[in-house]
2 protein chains.
Amino acid sequence: MSRSERKLLHGTLDTLILKTLSHGPRHGYSIARWIEEKAGDAILVEEGSLYPALYRLEKKGLLKSEWGLSELERRAKFYSLTPHGSAALEADTEEWLRFSNAVTAILAPGG
Amino acid sequence: MSRSERKLLHGTLDTLILKTLSHGPRHGYSIARWIEEKAGDAILVEEGSLYPALYRLEKKGLLKSEWGLSELERRAKFYSLTPHGSAALEADTEEWLRFSNAVTAILAPGG
DNA sequence: GTCTCATACCTTGACAGCCTAGGCATCAGT
DNA sequence: ACTGATGCCTAGGCTGTCAAGGTATGAGAC
């Protein structure tokens, strides 16, 4: 992922995390891998962005966490959506669509 | 535009400015109005974001500027794309599409 | 005549979010 | 013994946005 693409991530990482967890609880490391896999190589989730984001979201009451064991039997912190988090995901998704549609329309060859 | 939508602008404002100028030279104030009009109410271009962005882009050699008179006969600084700016617009547009398509696909109901 | 709004430029300071670059620990494979 | 993957975390810096101010002119309302 190039430098400018990283800047684009601004503001969308939180939403992507919420979306990931809408499919069920996951630990942090796994959330990052899931997003990257879904995005091909269009998004790279750095750990220095991921963990602060998880902390931020939990502090805001959008996530809750619990220590457990990963698929490989390692210590891992599992996150899950709170009802508040579900609502935020819905609102953020709508905002993203409004914004990205506007930008895409402008950048289109005819725009 | 809500708070989180403002954060989404991060990194895309420069590209939107380049795109605006790809239709021909414009002064700063007019660039902002053009983007907002095209975007409906999905994007709000604050002057505190606009002018630093123009300075940034000119410093990077993507734009050049020239003082002139606006449609209303007021003193105004007109910006136009340099060849370097045209190339950047093309690259940025492609990056935006890659990124936004990835995000949109993930956030889609089935994602 | 005064007041407000739109046009047009700019700057300062705060803040948020991302990245770089480290650190720690365990386990599998070479 | 070493490397890489898994899994967590943090400190510091950078960048871009916003809020809130400033300047100046002209048009229109009252």
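Two strands count as paired if DSSP finds at least two bridges between them. Keep that in mind for these exercises on a predicted model.

**Exercise 1. Work out how the strands of chain B are arranged in their sheet, and which helices pack on that sheet.**

Solution.
- Step 1: start with the order. The three strands of chain B form an open sheet, E1-E3-E2, and the pairing is antiparallel.
- Step 2: find the edges. Strand E1 (26-27) and strand E2 (63-69) of chain B each pair on one side only, and they are the edge strands.
- Step 3: count the bridges. E2(B) and E3(B) are joined in the antiparallel sense by seven bridges. To place the register, look for B:Ser65, which stands opposite B:Tyr79 in E3(B).
- Step 4: add the helices. Helix H2 (residues 13-21) of chain B packs on the sheet and touches E1, E2 and E3 of chain B. The direction of this helix makes about 95° with that of E3(B). H4(B) also packs on the sheet, where it touches E2 and E3 of chain B, and its direction makes about 125° with that of E2(B).

**Exercise 2. Describe the hairpin formed by E2(A) and E3(A).**

Solution.
- Step 1: strand E2 (residues 63-69) and strand E3 (residues 75-81) of chain A run antiparallel and are joined by seven bridges.
- Step 2: for a pair of facing residues, take A:Trp67, which stands opposite A:Lys77 in E3(A).
- Step 3: now follow the backbone through the turn. Five residues lie between the strands, and A:Glu73 in the turn has a positive phi of about 65°.

**Exercise 3. Decide whether H2(A) is roughly parallel or roughly perpendicular to H3(A), and say which residues make the contact.**

Solution.
- Step 1: the axes of H2(A) and H3(A) come within 10 Å and cross at roughly 100°.
- Step 2: angles of 65 to 115 degrees count as roughly perpendicular, so H2(A) is roughly perpendicular to H3(A).
- Step 3: H2(A) contributes A:Leu16, A:Ile17 and A:Thr20, while H3(A) contributes A:Ile31, A:Trp34 and A:Ile35.
- Step 4: sorted by class, this contact has five nonpolar residues, one polar and no charged ones.

**Exercise 4. Find the relation between chains A and B, then describe the side of chain A that touches chain B.**

Solution.
- Step 1: a turn of 180° with a shift of 0.0 Å along the axis lays chain A on chain B with an RMSD of 0.0 Å. That is the relation of a two-fold axis.
- Step 2: within chain A, A:His10 comes closest to the rotation axis, with its C-alpha at 3.0 Å. Both copies use the same surface, as 97% of the contact residues of chain A recur in chain B.
- Step 3: count the partners. In this contact, 30 residues of chain A meet 29 residues of chain B.
- Step 4: the elements of chain A that give two or more residues are helix H1 (3-8), helix H2 (13-21), helix H3 (28-38) and helix H5 (83-107). H5(A) gives the most, with 12 residues.
- Step 5: by class, the side of chain A that touches chain B has 12 nonpolar, 11 polar and seven charged residues.

**Exercise 5. Identify which residues come nearest to DNA strand C, and which element gives the largest share of the surface near that strand.**

Solution.
- Step 1: among the 27 residues around DNA strand C, those that come nearest are A:Gly48, A:Ser49, B:Gly28, B:Tyr29 and B:Ser70.
- Step 2: H4(A) supplies the largest share of the surface near DNA strand C, six residues.
- Step 3: the residues of this surface divide into nine nonpolar, nine polar and nine charged.

Methods:
Residues numbered from 1 in each chain as written. Chains lettered and ligands numbered in written order. Predicted model: local features only at pLDDT ≥ 70, side-chain atom pairs only at ≥ 80, totals over all residues. Helix = DSSP H or I, 4+ residues; strand = E, 2+ residues; numbered from the N terminus. Contact = placed C-beta atoms within 7 Å. Nonpolar A, V, L, I, M, F, W, Y, C, P; charged D, E, K, R; others polar. Near = placed C-beta within 6 Å. Axes fitted to C-alpha atoms, helices over the stretch in contact; angles between N-to-C directions. Parallel < 35°, antiparallel > 145°, perpendicular 65-115°, else oblique. Least-squares fit on C-alpha atoms with pLDDT ≥ 70 in both.
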